[in-house]
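Thanks for coming. I will go through one structure this morning, starting with empty space and then moving to contacts between side chains.

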Amino acid sequence: MAYPGPSGTQGVGGCRHCGAPLEHTFCDLGMSPLANAYVPAGCLGAKEAFYPLHVYVCGRCLLVQLQEFESPQEIFSDYAYFSSYSESWLAHARAYTAEVTSRFGLGASSHVVEIASNDGYLLQYFRAGGVPVLGIEPAANVAHVAIEKGIPTRVAFFGTETARALRAEGVHADLLLGNNVLAHVPQLHDFVEGLKLLLKPGGVITMEFPHLLQLIRQNQFDTIYHEHFSYFSLFAVEQVFARHQLRLFDVESLETHGGSLRIFAAHDGDVDRDPSARLQALRDEERGAGLTSLEGYRAFGDAVKRAKRDLLRFLIDAKDQGKTVAGYGAPAKGNTLLNYCGIGPDFIDYTVDRSPHKQGRALPGVHIPIHDPDRIRATRPDYVLILPWNLKNEVMNQMAYVREWGARFVVPIPAVTVLP
């Protein structure tokens with residue numbers, strides 16, 4: 001795949017931001033299938049595509065990234081993730097809606113546009129407050145659910161083409177938001193330029209994405225998969241937005257997804273948005289953690305290898321003791337973890353998930369079957385391995401009954417931990 005360089009030149013395998021050659025490994029997770037390519041029960045003997053999960057850090061701009069092996073159209077046009085199945089994520093969306101509505105004075109004369117709006121999980125709260133909304137969602141099957149809820153939704157991939165089409169229809173955004181979409185974009189400059197085009201003068205952009213600093217500190221290597229093309233520090237994302245005359249004026253550190261950032265951006269010429277103290281504090285923190293130089297990225301690969309050995313050691317010991325292990329959840333991060341570690345049904349009998357869109361299928365690559373959560377009560381495993389470890393408190397509350405027979409919860413990240 002060719003990416004534009006800093007002066008419009010093309011470089012094969014070059015950085016998707018600045019075009020420099022990708023020569024430095026951040027970590028290498030071997031070969032892995034697409035993390036959301038769940039296998040139908042009748043297709044377990046069919047051929048699966050595996051691709052290198054080799055992560056690079058650009059030596060020039062320090063953007064951490066994967067190469068593009070499958071297009072977004074192939075990955076996201078029919079999607080298995082529906083945001084509304086997570087109660088904690090819905091609570092996060094409600095809190096965000098209340099915060100920005102108050103802070104930026106949003107009301108009936110405003111227009112909120114969400115990119116990758118999924119099943120309407122967030123826009124429903126703006127709509128309930130009387131704020132006009134529009135969702136842009138590439139997965140038609142997911143967008144259909146939002147439309148049935150009464151959320152106006154355009155089925156499209158976002159970029160300059162979509163932004164220009166919306167502008168031609170008179171659509172401009174007072175608030176333009178995207179949660180966990182920026183990492184999913186291989187054509188980064190086309191996407192960010194689209195943000196600039198659609199944002200009304202005086203408007204605000206918010207973007208949420210997992211924070212690279214926390215990925216490194218908490219050894220969250222399982223959040224790396226082919227659907228995530230880039231992994232952002234504040235240092236890197238500021239460079240990307242600045243190239244498109246968009247200026248960050250605030251940032252929040254969030255607990256979601258193991259540690260995320262919510263950035264706030266405006267047009268360069270918007271003099272009413274003074275940079276916050278939080279923004280400078282996080283710049284200083286990243287500099288202190290070594291993220292502004294290549295040296296700060298070199299040790300991560302060794303930490304990943306240690307985590308693999310520790311998880312395998314726990315599972316081998318459990319099996320040698322005659323214990324049974326079930327999984328909870330079928331998230332993309334779990335598929336990276338299990339494929340990298342080579343963990344299949346010989347270690348984990350099955351996993352369960354609340355989403356009926358995943359039940360009856362198998363995890364890609366490792367072919368662990370996915371069942372309804374009631375399966376755990378029926379089989380009474382000794383351990384429940386929580387694959388969406390970022391939702392561990394929610395999961396442990398939902399599944400508290402496993403303690404009736406003495407089962408224990410286990411989380412694999414940042415280190416294998418058996419919980420009471």
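Before the cavities, a definition: a cavity here is a set of grid points where a 1.4 Å probe fits but cannot get out, and its lining residues have an atom within 4 Å of a point. Helices and strands are DSSP runs, numbered from the N terminus. Keep in mind that this is a predicted model.

So, cavities. Rolling a probe the size of a water molecule over the atoms shows where empty space is left. In this model there are two cavities of 30 Å³ or more. The largest cavity holds about 80 Å³ of space. Which elements each supply at least two residues of its lining? They are strand 11, helix 7 (212-217) and strand 12 (230-231). If you want to find the spot on the screen, look for lining residues including Phe209, Pro210, Leu212, Leu215, Ser230 and Tyr231. Also among them are Ala183, Thr223 and two histidines, His211 and His228. By character, the lining divides into seven nonpolar residues, four polar ones and no charged ones.

Next, charged pairs. Side chains of opposite charge can pair when their charged atoms come close. The count for this model is 15 salt bridges. I will take three of them and one network.

The side chains of Arg103 and Asp250 form a salt bridge at 3.0 Å, N to O. Arg103 is in helix 2 (residues 87-103) and Asp250 is in strand 13 (residues 246-254), so this pair ties together parts that are 147 residues apart in sequence. Are the two partners buried or exposed? Asp250 is buried, at a relative accessible area of 2%, while Arg103 is partly exposed, at 38%.

A second salt bridge joins the side chains of Asp174 and Lys200, at 3.2 Å from N to O. Here the link runs from strand 10 (residues 173-179) to strand 11 (residues 199-210), so parts 26 residues apart in sequence are tied together. Lys200 has a relative accessible area of 27%, partly exposed. Strand 11 has come up already, as one of the elements supplying the lining of the largest cavity.

The third is between two helices. Arg283 and Glu238 meet through their side chains at 2.9 Å, N to O. Glu238 belongs to helix 8 (residues 234-242) and Arg283 to helix 9 (residues 277-288), so the pair ties together parts that are 45 residues apart in sequence. Arg283 is partly exposed, with a relative accessible area of 25%.

As for the network, salt bridges link Glu99, Glu208, Glu252 and Arg262.

Now the aromatic rings. A pair of aromatic rings is described by the distance of the centres and the angle of the planes. There are 12 aromatic pairs in the structure. One of them is Phe26 with Phe300, a stacked pair with 4.6 Å from centre to centre and 10 degrees between the planes. Phe26 sits in strand 3 (residues 24-32) and Phe300 in helix 10, so the pair ties together parts that are 274 residues apart in sequence. Both rings belong to buried residues: Phe26 has 2% relative accessibility and Phe300 has 3%. What is the angle between the planes of Phe249 and Phe264? Their planes are at 55 degrees and their centres 6.1 Å apart, so this pair is tilted. Phe249 lies in strand 13 and Phe264 in strand 14 (residues 260-267), so the parts tied together are 15 residues apart in sequence. Phe249 is buried at 3%, and Phe264 is buried at 0%. Going back to Phe26 and Phe300, ring pairs link them with Tyr297 into a cluster.

Staying with helix 10 (residues 300-320), Ala307 is found there. Ala307 is buried, at 12% relative accessibility. Leaving aside residues up to four places away in sequence, Ala307 touches Asn219 and Phe221.

Last, the backbone. Most residues other than glycine have a negative phi, and most peptide bonds are trans. Ile413 and Pro414 are joined by a cis peptide bond, with omega about 5 degrees. Pro414 is in the loop between strand 20 (408-411) and strand 21 (417-419). Ala116 has a positive phi of about 60 degrees, in the loop between strand 7 (112-115) and helix 3 (123-128). Asn180 has a positive phi of about 55 degrees, and its place is the loop between strand 10 and helix 6 (188-198).

Note on methods: Residues are numbered from 1 along each chain as its sequence is written. This is a predicted model: local features need pLDDT of at least 70, side-chain atom pairs count only at pLDDT 80 or more; totals for chains, interfaces and linings use all residues. Side-chain values use heavy atoms; hydrogens and water are left out. A salt bridge is a side-chain nitrogen of Lys or Arg within 4 Å of a carboxyl oxygen of Asp or Glu. Helices (H or I, at least four residues) and strands (E, at least two) are DSSP runs, numbered from the N terminus. Buried means under 20% relative accessible area, exposed over 50%, partly exposed in between (1.4 Å probe, protein chains only). On a 1 Å grid over the protein atoms alone, a cavity is a set of points where a 1.4 Å probe fits but cannot get out, and a pocket is an open set with protein on both sides within 12 Å along at least five of seven lines; lining residues have an atom within 4 Å of a point. Grid points are joined across faces, edges and corners, and a volume is the space filled by probe spheres set on the points. Ala, Val, Leu, Ile, Met, Phe, Trp, Tyr, Cys and Pro count as nonpolar, Asp, Glu, Lys and Arg as charged, and the others, Gly among them, as polar. Contact means heavy atoms within 4.5 Å. Rings of Phe, Tyr and Trp (its six-membered ring) pair if their centres lie within 6.5 Å; planes under 30 degrees apart count as stacked, over 60 as edge-to-face and the rest as tilted.
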